[in-house]
Structures are given as C-alpha cells and as structure tokens.
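Trainee: I would like to learn how to read backbone angles and ring contacts in a model.
Mentor: Let us look at one together.

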Amino acid sequence: MKKLTMILALTAFLAIPAMVSAQGQGDAASISATATVIAQLEVSGEEDLRFGDVIPGIASTIAATDVGNAGRFQIQGGGNQEVSLSFDNLTELAATGGATLPFAFGSSSAGFGVSSGEADGTFDPLAGTDQRLDNGVLYVFVGGTVTPTAGQPAGSYEGQITLNVAYTGN
Amino acid sequence: MRLGSLLTLSITMLTIAVPGALSAQQGPPLAVQGQQDLSFGELLGGLATRVSPNDAGRNAQLRIRGARDQTIEISFDLPAEMSRPEGGSIPLLFGAADAQFSASGGTGDRIPFDPNTPWTITLTQQGWSWIFLGGTVQPPPQAPLGTYSATITLTLSDLGS
C-alpha cells in the first residue's frame with residue numbers, strides 16, 4: 001500500500017507540468033478593422049464673378065482675392081479629405097445679340113480658403129491644384145480679365161465658369 | 001485486483017505526463033499579440049477600397065512566438081462585414097493572398113497565405129514572427145455615413161515539433 005501511494009504521488013507530480021503545458025499549446029488575439037464612410041462631394045456656386053461696368057478699349061481684371069467681386073464656390077465633402085480643383089477654360093463672354101467680349105484667366109486667377117470671406121492662397125485655374133477640405137468645407141474663388149475692344153458693342157455679357165472637383169484619395 | 005487497476009492507471013498517466021513535461025522545456029509557449037488594426041480610413045459610398053498586406057500604414061499586424069521547429073496552425077476568425085453603432089453595415093472581404101507570414105517582420109521573407117482557411121507552418125526561430133493582413137471593403141452607394149468596425153481574431157494551435 002505504501003508503494004502504491006508513492007507511485008500515485010510521483011504520477012501526480014509529473015502530471016501537473018503536462019497539464020500546464022497542454023493549456024499553453026495555443027493562443028488567440030484580436031484586432032479591429034475600421035473604416036469611416038464619408039459624404040460625397042457637393043459643389044455649389046455661391047457668388048458670380050462680377051466685372052461691373054467696363055469701358056471699351058480698357059481691360060478690367062478681378063483678382064481671386066477680391067472677395068467682393070470674385071466668383072465663389074462652396075465645396076462640401078468628407079472630413080479633411082484632399083480634393084483636386086481645376087476650371088474649364090473660358091475665352092469669351094457673350095451678349096444676347098451675339099457680340100462677344102474676350103475673357104482670360106491669369107496664372108493666379110483662382111483662390112481657395114477655409115472661410116467664405118478670405119482667400120488663403122491662389123492658383124492657376126487651368127493648371128489646377130490639390131487642396132484639403134477643412135472639416136468638410138472649402139471655398140474656391142475665381143477672378144479673370146475681360147478685354148473689351150475699342151469698338152465693343154454696349155450691352156450685358158456673361159459666360160459660364162465651371163469648377164471641377166474630385167477626391168484625390170489622399 | 002483493485003491494486004492492479006490502480007497501478008495500471010498510474011502508469012498510463014505517467015506515460016502521458018512525460019512528453020508534455022519535455023515539450024514544455026523546449027521553448028516558450030505559443031503566443032500571439034495584436035500590434036496594429038486594419039484601417040481602411042475614409043471611404044466613399046459605392047467605391048470599394050482595398051488595403052494590401054504590404055501597406056505598412058494600414059494593414060493589420062500581429063506577432064506570434066513559439067518554439068523553434070514547432071509546427072503551428074494559424075487560423076483567422078474573419079468578419080463578413082463591419083458595422084456601426086447607430087446601425088448599418090458594409091461588406092468586408094479577404095482575398096486568397098491577403099495574409100502574409102514573415103519570420104523577420106521585414107519585406108524580404110514574406111510568405112502569402114489564404115486567411116480564409118487554416119494555414120500550417122513550422123517556425124524557424126524562437127523569437128517573434130509576424131502576420132500581416134489586408135482586405136477589401138465594399139460600401140454600398142447609399143451606405144450611412146459614420147465609423148464602422150469589426151473584430152478579427154487570430155488563433156494559434158500547436159501541431160507539435
């Protein structure tokens with residue numbers, strides 16, 4: 001009987017590490033997958049580009065930083081995403097009767113800013129630029145130059161300015 | 001007769017116990033630790049986005065450790081979608097090469113494997129090795145805005161040496 005007790009004790013002693021080892025023969029850990037779905041881009045024209053009255057034979061320029069007369073777009077989108085900005089070219093304004101008034105963008109005729117009242121920087125509207133939304137909003141300003149000829153017919157002229165905006169993915 | 005039965009039982013337990021005790025002395029127990037979440041960042045509804053397992057900034061990273069020459073099985077519990085607290089979900093997919101194993105943690109020794117099925121490998125070192133995981137999320141066009149998440153679990157099982 002004493003011999004049996006010793007064998008059982010020895011067995012129990014050796015068995016304990018084995019049981020601990022068996023519990024250590026695997027492990028698991030978890031991580032998360034995360035994503036944020038953001039809003040689609042929305043672009044709206046808020047203010048027209050206004051040259052006011054111009055005099056035949058005298059060019060007139062509105063700077064992008066002239067927020068009182070420059071055209072203004074508002075862009076709304078997701079978070080602080082980067083967007084590309086560029087304008088379609090515009091070469092003339094047209095009057096109802098068919099007369100045209102030469103128009104041109106300058107290399108700094110476009111501007112951008114985080115508020116509607118101030119352009120933080122300028123860019124070439126035809127070359128375009130990449131800018132980042134600020135909490136989902138960015139304003140784009142646009143100016144340009146009209147060059148009426150000496151014999152420019154009197155009247156009201158207008159043209160369509162188109163801003164192209166897209167997420168860059170950055 | 002009763003004494004005979006007890007002796008038989010004791011010897012059997014002894015036989016089982018010895019290999020386990022030897023195995024425990026060969027190296028550290030299997031361990032896995034999550035190091036980096038799988039981050040898809042900002043998405044647009046209707047536009048699928050893939051994170052490559054090679055994308056160090058956005059891939060999932062876990063490190064594993066076992067004994068040298070130990071053969072282990074690596075299995076993922078992969079979610080089919082991510083959800084947001086307010087409700088709504090977006091599908092999440094894992095391709096056949098979206099998981100990678102690397103003994104060094106670098107880019108030169110990566111072995112791709114399918115995270116959708118258990119994968120077996122024999123460890124060549126006793127230190128930490130790395131598992132990288134990518135995936136693809138497919139938000140539907142009208143996916144509600146917000147932050148989505150899901151849990152990915154990696155399980156290691158010892159298959160012996």
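Mentor: What follows covers backbone angles, then rings. This is a predicted model, in which local features need pLDDT of at least 70, side-chain atom pairs count only at pLDDT 80 or more, and totals for chains, interfaces and linings use all residues. Residues are numbered from 1 along each chain as its sequence is written, chains are lettered from A and ligands numbered from 1 in the order in which they are written, and side-chain values use heavy atoms, leaving out hydrogens and water.

Trainee: Where is Asn135(A) found?
Mentor: Most residues other than glycine have a negative phi. Asn135(A) has a positive phi of about 50° and lies in the loop between β10 (129-132) and β11 (137-142) of chain A; strands are DSSP runs of E, at least two residues, numbered from the N terminus.

Trainee: Is Asn135(A) buried or exposed?
Mentor: Buried means under 20% relative accessible area, exposed over 50%, partly exposed in between (1.4 Å probe, protein chains only). Asn135(A) is exposed because its relative accessible area is 66%.

Trainee: How many aromatic pairs does the structure hold?
Mentor: Rings of Phe, Tyr and Trp (its six-membered ring) pair if their centres lie within 6.5 Å; planes under 30 degrees apart are stacked, over 60 edge-to-face, the rest tilted. There are ten over all chains. The pair of Phe101(B) and Trp119(B) is tilted because the planes stand at 50°, with centres 6.0 Å apart. This pair links strand β8 (residues 99-102) to strand β10 (residues 119-122) of chain B, 18 residues apart.

Conventions. Helices (H or I, at least four residues) and strands (E, at least two) are DSSP runs, numbered from the N terminus.
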